[in-house]
Amino acid sequence: MTVIQMLLNVALPPLSLILMSAFMPPLLLFKLLMYVKNLVHTENMARKVVLITGAASGIGEQLAYEYARRGAMLSLVDIRKDNLVAVADKVRSLGSPEAIIIGADVSKVQDCKRFVHETVNYFGRLDHLVNNAGIGNSLARLEDWREGFELFPIMDVNFWGAVYGTLYAIPHLKMSKGRIIVVASGCGWFPLPRMSIYNASKAAVISFFETLRIEIGRSIGVTIATPGLVKTDLALRAIKNESTLGRIPLESASECAKGIVESACRGDRYVTNPSWFKVMFPWKVLYPQVVDWACRFVFGLFPNMKGDVHLSTKLENKAE
């Protein structure tokens, strides 16, 4: 086995480069044809049923408005049920034929089972599941969290909250040949300092739904959204704790939501808003040492730099 591993180590890298070069022209042509097809044919959401978690504020609220403008019927879910009343009133005024509100905690498996079943029982079907609910925490270096990891339910909300609802929704989405839209984060593939647990939760979401896409094939579409910094309460709190983030231009939640819905209706696999944030990906892949050094410099993580301060680890249990 050692000899085989040595041969693979020597032969596979150059062979892969040759194969990638050969596949590149037909792949680019295929992607161009698919892009043109998706521009011409987008999904008509009129009277289709869309379930959105974390719909009381931020990106989730704006997603509800975008779907409403397209005539979709909406099931709005949030732990803050009272805040959904105004959102439901507005989506009806924007063109949604019908909207219901459901109070639920996505970190609880029984709540996820309940809001999926209530949606299907009321509307009779489910076409789009939008896993948007998420929370963050005050920014701090990992070494400053001496204890208290059990106090951080970020994984329960950001990761398991998306998984639970998806598992119960899959049978209904298969029947409608529907789509799953998950709002992850650009931090899932371009992690920023002092956000390690949040970054990890979003990376887990991306990996899970990429795996799910492979497993379910063409029976259900999957669109993974990886926004950059968007002007939401979550982002504004992060900027308040880490002023360095304030140097990054913020996109409005409404523009971000518009881009996500447009991509989902086109059948895109990924969407990143603002789109300029995508330029960070090749830098991360090709020049990881440069990216690591730049992040340490920008965020003041070199010894004796003014930005190297201890920050509060108080949990900010607010939805995106």
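Leaving aside neighbours within four places in sequence, which residues is Phe-115 in contact with? In this predicted model, the list runs to Leu-51, Thr-53, Val-77, Ile-102, Ala-104, Val-106 and Gly-165. Phe-115 also turns up, together with Phe-209, as a residue with the most contacts inside the largest nonpolar core, a set of 53 residues. Helix α5 gives the most to this core, with eight residues. There is a second core too, separate from that one, with 32 residues; Val-50, Leu-76, Leu-84 and Val-261 are among them.

Stepping back to the whole chain, the protein has 320 residues, and 48% of them count as buried. The surface it exposes comes to about 16,800 Å², with 61% supplied by carbon and sulfur atoms. As for how the chain meets itself, take the contacts between residues at least 6 apart in sequence: 72% of these join residues at least 24 apart. Ten helices and eleven strands make up the list of secondary structure elements.

Seven strands form an open sheet, and reading across it gives the order β3-β2-β1-β4-β6-β7-β10, with parallel pairing. The edges belong to β3 (99-103) and β10 (270-271); each has a single partner strand, so one side of each is left without a neighbour in the sheet. In general, strands of a sheet pair through backbone hydrogen bonds, in either a parallel or an antiparallel fashion. For a look at one pair, β6 (residues 179-183) and β7 (residues 221-225) run parallel and are joined by five bridges. Here Arg-179 stands opposite Gly-221 in β7.

Helices pack on this sheet as well. Helix α3 (residues 81-94) touches β2 (73-78) and β3, and its direction makes about 170 degrees with that of β3. Helix α5 (residues 154-176) also packs on the sheet, touching β4 (128-131) and β6, with its direction at about 175 degrees to that of β4. This is the helix that gives eight residues to the largest nonpolar core.

Now for the charged side chains. The structure holds eight salt bridges. One of them sits within helix α2 (residues 58-69), where Arg-69 and Glu-66 are three residues apart, about one turn of the helix. The closest N and O atoms of this pair are 2.9 Å apart. The two ends fare differently in terms of cover: Arg-69, at 47% relative accessibility, counts as partly exposed, whereas Glu-66, at 12%, counts as buried.

Arg-266 and Asp-268 form another salt bridge, with 2.8 Å between the closest N and O atoms. Arg-266 has a relative accessibility of 22% and so counts as partly exposed, while Asp-268, at 17%, falls in the buried class. The cut-off here is 20%, and buried means under it. Glu-43 pairs with Lys-48 in a further salt bridge, the closest N and O atoms being 2.9 Å apart. Lys-48 counts as partly exposed, at 23% relative accessibility. Finally, Asp-111, Arg-114 and Glu-118 are linked in a network of salt bridges.

Definitions and conventions. Residues numbered from 1 in each chain as written. Predicted model: local features only at pLDDT ≥ 70, side-chain atom pairs only at ≥ 80, totals over all residues. Heavy atoms only, no water. Pairing = 2+ DSSP bridges. Helix = DSSP H or I, 4+ residues; strand = E, 2+ residues; numbered from the N terminus. Contact = heavy atoms within 4.5 Å. Axes fitted to C-alpha atoms, helices over the stretch in contact; angles between N-to-C directions. Buried < 20%, exposed > 50% of the residue type's maximum accessible area, 1.4 Å probe, protein only. Areas by Shrake-Rupley, 256 points an atom, 1.4 Å probe, with all protein chains shown as cover. Core = buried A, V, L, I, M, F, W, Y, C linked by side-chain atoms within 4.5 Å. Salt bridge = Lys/Arg side-chain N within 4 Å of Asp/Glu carboxyl O.
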